[in-house]
Structures are given as C-alpha cells and as structure tokens.
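Q: I'd like a close look at one part of this model, the sheet. Could you take me through how the strands are arranged and what sits around them?

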Amino acid sequence: MDIRRRQIGPSYSFARAYEILMPIVESAGFSKRRRELLGQAQGRVIEIGAGTGLNLPFYSRDVDLVLAEPNPEMVEILRPKVEERGAVLLESTVADVFSCDIEPRSFDFVVSTLVLCSVPDVRESLKTIAKLLAPGGRFLFIEHVVTPGGYEIVQRLANPIWKRLAGGCHLNRDILGDFDSSDMVVTDLLRFNFPLGRPLIPHGIMGIARLKSDFFG
Ligand SMILES: C[S@@+](CC[C@H](N)C(=O)[O-])C[C@H]1O[C@@H](n2cnc3c(N)ncnc32)[C@H](O)[C@@H]1O
C-alpha cells in the first residue's frame with residue numbers, strides 16, 4: 001500500500017508538516033511521555049512506524065534498534081538521524097506492519113507511538129506486533145483515542161478531513177478496546193491529557209502490553 005496516496009495534493013507532504021508542527025507538541029509535554037516509556041526498552045527492539053524519528057533520542061545507547069517506516073517521505077527525514085544513532089532501517093513495503101517479513105518472536109520490545117490511529121486495521125496490526133515479540137517481551141505504546149461525549153461528536157465530524165491531512169490518522173479509535181481481541185494483555189496503562197490536543201485529540205493512552213501466553217501458557 002502506498003501511504004502517500006492518503007495525502008491531499010501533490011505539493012502537500014504530511015511528513016514535512018509533521019516535522020514542522022510536532023516540536024510544538026513535544027515541548028508542550030509530549031516528549032516527557034516518550035522519555036517515560038522508551039527508557040524501559042532494552043535488548044533487541046523494533047519500532048513500527050518510526051516516522052521522522054522523534055523517539056530516537058529516548059532510547060538507551062545499549063539498545064539494539066531496528067526501525068520500520070513505510071512512508072518514503074518520512075524515511076527521507078528519518079534516514080540521517082538513523083545513520084547518526086546507528087540502527088537498522090527497514091523501509092518500503094518491508095516496513096508495513098501488514099507485510100513485514102521479519103523473523104517472528106525475535107524482539108524483546110516492540111514500540112509504536114501514534115501509529116495505530118493510522119493503520120487500516122488495528123486488530124491485524126496487533127496480531128503482527130504480538131508475533132514479533134519473543135516470550136517475555138513487551139509492547140510499548142502511546143496512542144490518542146476516542147473521547148466519549150461531546151468531543152466524540154467533534155472527532156467524528158472532523159475525521160474525514162483530518163484523515164486526509166494527517167496521513168490517514170483516525171481521531172476516534174477505541175484502540176484500548178482492540179487489545180481485548182488480541183494475543184496481548186495490557187499490564188500497565190496511563191491515561192493522559194494530550195498536550196495542545198483539544199478539541200480534536202483530548203486524550204492519550206500510554207502503556208505496556210505482554211503476550212497472553214506468558215501468563216496462560
Ligand atoms: C503520526 S506518525 C507517528 C510517527 C512516530 N511514530 C511518532 O511517534 O512521531 C504515524 C506513522 O505511522 C506510520 N504508518 C502508517 N501506516 C503504517 C503501516 N501500515 N505500517 C507501519 N507504519 C505505518 C506512518 O508512515 C507514520 O510514520
């Protein structure tokens with residue numbers, strides 16, 4: 001799937017807009033969330049949908065890091081940062097969470113931040129993520145989610161135009177609910193107010209999920 005086709009016109013680049021606008025959200029408090037979560041990653045780690053590399057500064061230098069990013073315009077911004085950090089970069093269809101041909105059960109940690117809002121099918125993506133985890137491994141995630149009540153109406157109304165502007169991002173997904181039918185269980189969860197997110201993105205979730213088979217065999 002060509003992720004660029006979701007963009008609104010030949011001169012608009014979601015990747016460039018993201019690179020320009022996200023530093024404002026980061027300094028309003030989002031980078032603090034990234035630091036809290038990613039400081040826990042150890043060993044062999046794969047990040048799905050690494051985007052422009054905003055998580056890179058928060059990984060320990062000891063981490064053996066693989067980054068997967070299917071959008072070529074994101075990769076253009078990401079590549080020099082990856083070269084500086086020293087990590088493996090998977091791109092093109094190999095990096096798509098639906099077609100990635102990566103050895104199953106080979107990672108201690110899978111990371112994805114602000115990605116499940118954009119994938120065509122959250123449940124299928126969670127299946128792939130679970131397959132990548134070695135026994136005892138952990139999935140670290142941060143997402144924005146549906147906010148029931150008045151905000152949900154705003155999110156539903158804004159969704160069609162937002163999706164076109166923001167690389168296929170859905171404002172109103174119940175991502176936590178999708179874990180219920182996955183092979184993972186959420187063991188740690190923090191709900192937080194998304195910095196500068198109102199009224200479209202009021203709430204975020206951050207947490208850790210583990211394989212159900214680690215608990216139930
Ligand atoms: C909003 S950006 C988030 C980037 C980065 N993870 C961050 O936290 O800043 C969403 C990212 O998800 C990626 N993405 C979208 N669909 C994907 C898919 N099917 N497989 C893997 N990554 C995908 C996009 O290419 C983009 O880099």
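A: Here is a walk through the sheet, strand by strand, with its surroundings.

One thing up front: this is a predicted model. The sheet is an open one made of seven strands, in the order 3-2-1-4-5-7-6, and the pairing is mixed. Strand 3 (88-91) and strand 6 (184-193) are the edges, each pairing on one side only. Going from one strand to the next, the twist averages 15 degrees.

Let's begin with strand 1 and work outwards. Strand 1 (residues 44-48) runs parallel to strand 2 (residues 64-69), and five bridges join the two. If you want a pair to click on, Arg44 has Asp64 as its bridge partner in strand 2. Helix 2 (residues 72-85) packs on the sheet here, touching strand 2 and strand 3, and its direction makes about 165 degrees with that of strand 2. Helix 3 (residues 122-132) also packs on the sheet, where it touches strand 1, strand 4 (107-113), strand 5 (133-144), strand 6 and strand 7 (203-211). The direction of helix 3 makes about 150 degrees with that of strand 4.

Strand 1 also pairs with strand 4: these two run parallel and are joined by three bridges. Val45 is a handy marker, with Phe109 as its bridge partner in strand 4. Strand 4 in turn is joined to strand 5 by six bridges, again with the two strands running parallel. Along that seam, Phe107 has Leu133 as its bridge partner in strand 5.

How covered are these strands? Six of the seven residues of strand 4 are buried, so strand 4 is largely enclosed by the rest of the structure. Strand 5 is mostly covered, with nine of its 12 residues buried.

That brings us to the packing. In soluble globular proteins, nonpolar side chains tend to be buried together. Here the largest nonpolar core has 48 residues. The residues with the most contacts inside this core are Ile46, Leu67, Ala68, Val110, Phe139 and Leu140. Two or more residues each come from helix 1 (14-38), strand 1, strand 2, helix 2, strand 4, helix 3, strand 5 and strand 7. Ala68 is worth zooming in on: leaving out residues up to four places away in sequence, Ala68 touches Ile46, Glu47, Ile48, Gly49, Ala50, Leu90, Ala95 and Cys100.

Now for the ligand. There are 22 residues around the ligand, and the closest are Gly49, Gly51, Asn71, Val97 and Thr113. Gly49, you may recall, is also among the residues that Ala68 touches. Sorted by class, the shell around the ligand has 13 nonpolar, seven polar and two charged residues.

Next, have a look at the strand 6 edge, where Thr187 makes a good probe. Thr187 sits in strand 6 and is in contact with Ile208, Ala209 and Arg210, once neighbours within four places in sequence are set aside. The C-alpha atoms of Thr187 and Leu211 are separated by 9.9 Å, with their positions 24 residues apart along the chain. Why does Thr187 count as partly exposed? Thr187 has 13 other C-beta atoms within 10 Å, and a residue is exposed at 12 or fewer and buried at 20 or more, so the count for Thr187 falls in between.

Finally, the loops have some backbone geometry you may want to check. In the loop between strand 6 and strand 7 you'll find Pro199, and the peptide bond from Arg198 to Pro199 is cis, with omega near 5 degrees. The loop between strand 3 and strand 4 holds Ser92, which has a positive phi of about 60 degrees although it is not a glycine. Ser92 is partly exposed, with 13 other C-beta atoms within 10 Å. Arg105 is found in the loop between strand 3 and strand 4 too. Phi of Arg105 is near 55 degrees, a positive value in a residue other than glycine. Arg105 counts as exposed because it has 12 C-beta neighbours inside 10 Å.

How values were computed. Residues numbered from 1 in each chain as written. Predicted model: local features only at pLDDT ≥ 70, side-chain atom pairs only at ≥ 80, totals over all residues. Near = placed C-beta within 6 Å. Nonpolar A, V, L, I, M, F, W, Y, C, P; charged D, E, K, R; others polar. Pairing = 2+ DSSP bridges. Helix = DSSP H or I, 4+ residues; strand = E, 2+ residues; numbered from the N terminus. Axes fitted to C-alpha atoms, helices over the stretch in contact; angles between N-to-C directions. Contact = placed C-beta atoms within 7 Å. Core = buried A, V, L, I, M, F, W, Y, C linked by C-beta atoms within 7 Å.
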